[in-house]
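Visitor: Please take one part of this structure and go through it closely. I am new to it, so explain the terms as they come up.

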Amino acid sequence: MTALADFLDEYAKALRRHLDSPTQATLAEGYELGRRALVEGISLLDLNENHFRVVQAAEHDAGIGGSDARLAESALEFLLQTLAALDIATRGYLDGVGRYEQQRSRADDLAGRDAFRTALVESLQDGFFVADSHGAIVEVNSAFGALTGYGAADVPYPLPHPWSMPEGPRYPDLGTEAQRFVIPIRHRDGRSVWLAVSTSALIKPENNERIFVGTIRDVTAEHDAQARDQAASRLATAVGAATSVVEVLAVGLDELRRTVGAQTAVVSVWPSRHVEPEVYVSGAEGAANGPASAELDARARAMLDRARRRPGRSLFAIPEGADSSEGIVAPLGETGDAALWLRFAAPRAISAADWTLFSLLIGHLSLAVQRARNFDQARSTSLTLQRAMLGPIELPPRFSVHYEPALPPLEIGGDWYDVVPLRDGTIGVVVGDCVGRGLSAAVVMGQLRTAARALLLRGAGPAQLLAELDTVAGRIPGAMCTTVCAAVLDPVRGLVRYSSAGHMPPILADVDATGRLLEGGRSFPLATFDPPRRPEATTALTPGSTLVLFTDGLVEQRGVDIDDSFAKIADVLADTSAKLPREVADAVLSRLRPAAGYDDDVAMVVYRQPPAPLRLEVPAHADELAALRRTLKAWLAAAAVPHDLASDLVAAANEACSNSIEHAYRNGAVPTGRPESTDRSMGRVTRALRDPAADTNRVELTATCNTETVVITVADAGSWKPRSADPGYRGRGIDMMRALTEELDIDHTGPGTRVRMSVTLPAIAFPVANPLRGTNRRASS
């Protein structure tokens with residue numbers, strides 16, 4: 001019997017038992033038959049057909065002519081119980097089929113998505129990459145390959161990445177947060193590229209591995225533009241404070257050379273077509289084909305000379321037309337008188353970005369040079385005007401002046417001084433301060449100074465001068481409230497007459513004494529009121545005293561009591577009686593100068609009254625000479641004798657005293673031989689042995705000075721020694737004294753010998769303004 005026939009027979013028997021007596025046991029038997037049908041692969045059609053034949057046979061056997069409802073319900077209940085297992089299996093099968101279809105659809109969708117993702121990534125203009133947790137690049141798109149030169153064919157790219165630059169900055173560490181940074185790389189073809197990188201961290205769901213995805217974008221153009229702007233800003237800032245061509249080239253060439261990476265920067269300037277160029281150098285010297293010390297070779301000269309004749313803003317490489325360049329040459333400015341040469345440390349290719357940078361920087365330097373030239377011209381004009389208005393270029397002896405404007409570097413302002421020698425031997429001094437600053441105040445100052453000088457030369461005293469200046473100031477716009485101090489010095493009588501129109505009081509200091517204010521003769525500033533008369537005061541000038549006249553810019557400072565400034569000047573003068581007037585002015589300015597400089601014009605005049613005569617009488621011994629020289633040197637400083645002239649006088653006087661000591665008392669109890677020898681290397685004096693019985697032998701030195709002349713006399717009571725016809729290597733003392741002085745007179749007709757030496761004090765030359773600022777880096781060719 002086949003499996004189907006056996007199953008159908010078992011099903012018929014079980015169904016009849018259920019129809020005869022329906023119970024749960026018979027239903028369970030039907031369910032088991034359903035499971036058996038599923039296992040044995042029984043067809044539902046065979047099962048249903050067999051079921052209905054058994055039911056019909058049961059109805060026939062029961063003698064039922066029609067359908068019995070009870071029998072039909074029992075038969076259906078058994079069939080359903082049999083089909084239950086089959087239904088469960090069918091639904092499971094259908095679910096499996098559905099899941100399979102879903103998974104296959106999903107796989108198809110994922111495949112589509114992968115294709116879409118690949119197409120999307122490849123369509124990006126930015127470079128795309130995927131990095132593993134160790135930083136190795138495992139996936140890139142074609143744009144990434146174009147930007148770096150390293151495409152998808154060679155992935156993965158482990159650290160260090162082949163495009164990284166060892167000399168460049170290190171990559172930032174990849175983190176969990178999105179990162180953005182800009183980094184330079186080396187393209188596969190060797191050029192440098194700047195990339196903007198953006199990364200994000202992700203977690204792979206299948207294995208929880210951390211990966212990083214990111215994009216790169218070429219920002220070389222933006223970086224170069226920013227670098228150019230920064231370089232131009234640095235250069236403009238560096239040369240911004242420069243006010244002369246020398247200063248511009250001193251700082252500008254250094255900045256330009258560093259920015260473009262040049263080894264040497266050279267500028268040649270032709271002041272005129274008939275002179276050799278002035279050469280300015282920055283960087284290494286002595287390089288081949290470059291500047292060597294202070295001169296250029298013939299090739300460099302010719303190259304720069306050709307460059308200056310080219311149109312402005314034109315650049316060309318050296319050598320022209322080559323792939324690699326040694327440097328670049330360009331005209332500097334628009335006047336055709338200057339050229340620039342930038343020489344590289346090694347030949348290199350010049351890119352379009354390099355040309356743009358070079359053009360920008362050289363253009364800025366050219367503009368700075370032209371601006372400095374214009375400023376030099378304006379300053380030269382202002383200095384010429386100042387020389388015409390400020391005062392004499394030479395002063396009488398024992399004077400010093402100082403002028404410092406508050407608006408450098410034009411070196412001109414509204415304060416002034418004037419020193420006028422008068423016919424009667426007196427000296428007129430005027431110090432004034434106009435309201436305001438700069439050129440407008442200088443114009444007023446020039447008119448008032450000219451009027452004051454004319455009044456002094458006409459013989460007006462201090463009070464009369466100020467009274468007549470009132471009228472002059474009333475007719476000059478901007479002259480109202482000008483303050484003036486006028487004084488007439490009488491060096492012979494030792495007097496000073498002065499009057500002040502609202503001005504700072506002069507300060508007078510006796511020898512080794514604190515200065516005191518001269519507050520007499522005070523009245524209102526010019527052209528403010530109409531006083532019946534201007535007051536005048538007279539004060540004695542003791543021998544060696546120092547007088548200082550100044551404007552308010554010296555003592556008026558923010559946050560400082562003016563009385564404290566007066567006290568500082570007085571204290572300084574107490575310690576400067578043995579200094580030259582110029583040194584007195586420097587000491588006062590150093591003590592009062594604010595940290596940020598003066599914020600108002602300063603004019604100052606220092607005068608030294610001739611000191612009392614010096615009279616020294618010493619034993620005729622060599623060991624007295626050192627003290628004698630020190631004393632004479634201090635007296636000459638107090639007499640305002642310039643240091644070089646004072647050194648000559650001290651040497652001449654020392655020779656005259658040495659001759660008296662050695663020769664005048666040669667027949668008495670005096671040391672033999674040259675009285676003194678000096679060890680120049682150690683500065684020691686070797687003293688000859690002295691006889692105590694010879695202390696009665698004396699040498700006398702006197703020094704006197706008047707307004708213009710210094711006279712030194714050396715006398716002894718010994719005998720005159722005629723000059724030998726052949727003195728040998730000695731006997732040159734008289735010749736030396738004659739060379740060191742203007743007049744030499746030796747009188748030995750009476751008892752003893754008298755040597756008289758005199759010199760005329762020179763006029764004091766001084767600059768009318770501070771020296772031009774700047775470091776001259778010129779190398780003459």
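Guide: A residue is called buried when its relative accessible area is under 20%, exposed when it is over 50%, and partly exposed in between (1.4 Å probe, protein chains only). This is a predicted model, in which local features need pLDDT of at least 70 and side-chain atom pairs count only at pLDDT 80 or more, while totals for chains, interfaces and linings use all residues. Residues are numbered from 1 along each chain as its sequence is written, and side-chain values use heavy atoms, with hydrogens and water left out.

The part chosen here is helix α11, residues 462–474. Helices (H or I, at least four residues) and strands (E, at least two) are DSSP runs, numbered from the N terminus. Helix α11 has 13 residues and spans 19 Å from its first C-alpha to its last, close to the expected 18 Å; the expected span is 1.5 Å times one less than the number of residues.

The buried residues of α11 are P462, A463, L465, L466, L469, D470 and A473. An α-helix has 3.6 residues a turn, so residues three or four places apart point the same way. The buried residues of α11 pack against strands β14 (427–433), β15 (483–490) and β16 (495–501), and against helix α10; contact here means heavy atoms within 4.5 Å.

One of the buried residues, D470, has a charged partner. Side chains of opposite charge can pair when their charged atoms come close. D470 forms a salt bridge with R534, at 2.8 Å from N to O; the term requires a side-chain nitrogen of Lys or Arg within 4 Å of a carboxyl oxygen of Asp or Glu. The pair joins distant parts of the chain, as R534 sits in the loop between β19 (522–523) and β20 (537–540), 64 residues from D470. R534 is buried, as is D470.

Helix α10, against which α11 packs, also takes part in a salt bridge. R449 pairs with D418, their closest N and O atoms being 2.8 Å apart. R449 lies in helix α10 (residues 438–457) and D418 in strand β13 (residues 415–421), 31 residues apart along the chain. Both residues of this pair are buried.

The structure holds 21 salt bridges. Among them is one between D6 and R36, at 2.6 Å from N to O, which links helix α1 (residues 3–20) to helix α2 (residues 24–40). D6 is partly exposed, at 27% relative accessible area, and R36 is partly exposed at 24%. D6 and R36 also belong to a network of salt bridges with E40.
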